[in-house]
Amino acid sequence: MKMLPCVGVFGCGSLARAKISILQAVGFKVEAIWAPTMELAKDIATDLNIPFYTDSVDDVLLHQNVDLVCISNPPIMHSQVAVKALGIGKHVLCEKPAGLNEIDAFKMVNAARYYPTLMSIMGHGLRFLPAFTRMKTLIQEGYVGKVQLCEIRVHCGSLLKDKYNWECDEVMGGGVLSVIGCHMIDIITYTINEKAIKVNGTLKTFVPQTAKINGIRNITSDDFCAFQMQLSEGTCASVTLNSHLPGVFSQEMLIVGTKGRLSVREADLYGQTLEMSKEEIIVADSLLISEQQRLGVSDAVLKELPLPYFKGVLKLICMLKDAFERKEDKLSWDPEPISMAATFEDGLYIQTVIDAIRNSNRTGLWERVAIMTEEPDPNPYLTSAAVNRSRHSITFT
């Protein structure tokens, strides 16, 4: 049996813990864990039997046994860690979003292009759910005819924890748009095969403080978001993200076309053509998690992860294993099993849409989605001054 690449994990939240348990259960050895403090890193390492722990990014990246880096830390570190990992020669699985802005995401794309033999994928697990893969196929086969409308509604409880952290701060990548909206933007593009060309959005922070997060610091991350997208082939998409329903998680994606409709509710796919008298269930993917599927993930972790997302991560990691097992060399991989995975270029597109939605919220206008093709000059004024000095010296010598 082939030995799988050894993994270094960045992160200490529920998603990171779930990934570690799944990675270990399917055969990956997690060699190292990073957390923001040594105490927290030690706790996770002890709980999950990880031999090396640290609060230093470089200690994980330079660990001689780490071949694959799994990034699940705050978004402010995503681009930095991903780019550095690829430069050192590590494969990368990065959680969404691809950094804090387009520039962060563009740096990740450049690094991935420069090291094409290394795996570089984003953790958009919904793509791997049977309901969405079947929806994509049916749309391609003409089940709904020409797609006209896409509507998504997500209702859930607050994303915030008991203490102030990055999730409370819009500048640090917090908020329902970055945390949930990025998945919705991705799954729309994946299933319909159209990209946004213009967007309009509204973001609100209805709860600036909580009973446990108060004092001089205010919460600035959005707890409500609604946005519309005009897609490249004329489809209109509308997304509502509402985190004001404690104890509830519901997610529905509706596609309407000239010949019928398709709908994914939680993880089940329903459909109805114009010739049908009632709706049919096409994919029934039970949201119950069997003991075999739990793979060592604790009840506390499962409670914080909506089950469609947990199942998506589970399927993504299983495909990751398959990709490596198909090649004899420990570090080689077959792209076919993860061909449907989101790339860093997909991450750049999603981040560009998110930035455009934020701009629309500020301006109140529809904003165009223009994908960055080159990194902007970090100091255009300094460059201009240097050019002027050069022109001056040329003119007078």
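Here is a quick walk through a helix, a buried threonine and a hairpin in this predicted model.

Let's start with helix H7, which runs over residues 176-192. With 17 residues at 1.5 Å a residue, H7 should span 24 Å, and because its end C-alpha atoms sit 23 Å apart, the expected and modelled lengths agree. That said, H7 does have a bend of about 30°, and you'll find it at Cys 182. As for its surroundings, H7 is mostly covered, with 17 of its 17 residues buried. Once the helix ends, look at what comes next: H7 is followed by Asn 193, which has a positive phi, near 65°.

Now hop back along the chain to Thr 54, which belongs to strand S3 (residues 52-54). Its relative accessibility is 3%, and since buried means under 20%, Thr 54 counts as buried. So who keeps Thr 54 company? Setting aside neighbours within four places in sequence, Thr 54 is in contact with Ile 33, Trp 34, Ala 35, Met 38 and Ala 41 on one stretch of numbering, plus Asp 59 and Val 60. There's a polar touch too: the Thr 54 side chain reaches the backbone nitrogen of Ser 56 at 2.9 Å.Last stop, the hairpin. Strand S13 (residues 268-273) pairs with strand S14 (residues 280-283) in the antiparallel sense, over three bridges. For a concrete example of this pairing, take Leu 269, whose bridge partner in S14 is Val 283. The link from S13 to S14 is a hairpin through six residues.

Key:
Residues numbered from 1 in each chain as written. Predicted model: local features only at pLDDT ≥ 70, side-chain atom pairs only at ≥ 80, totals over all residues. Heavy atoms only, no water. Helix = DSSP H or I, 4+ residues; strand = E, 2+ residues; numbered from the N terminus. Expected span 1.5 Å × (residues − 1). Bend = angle between axes of the 7 residues up to and from the residue. Buried < 20%, exposed > 50% of the residue type's maximum accessible area, 1.4 Å probe, protein only. Polar contact = N/O pair within 3.5 Å; in protein donor to acceptor, adjacent residues only side chain to side chain. Contact = heavy atoms within 4.5 Å. Pairing = 2+ DSSP bridges.
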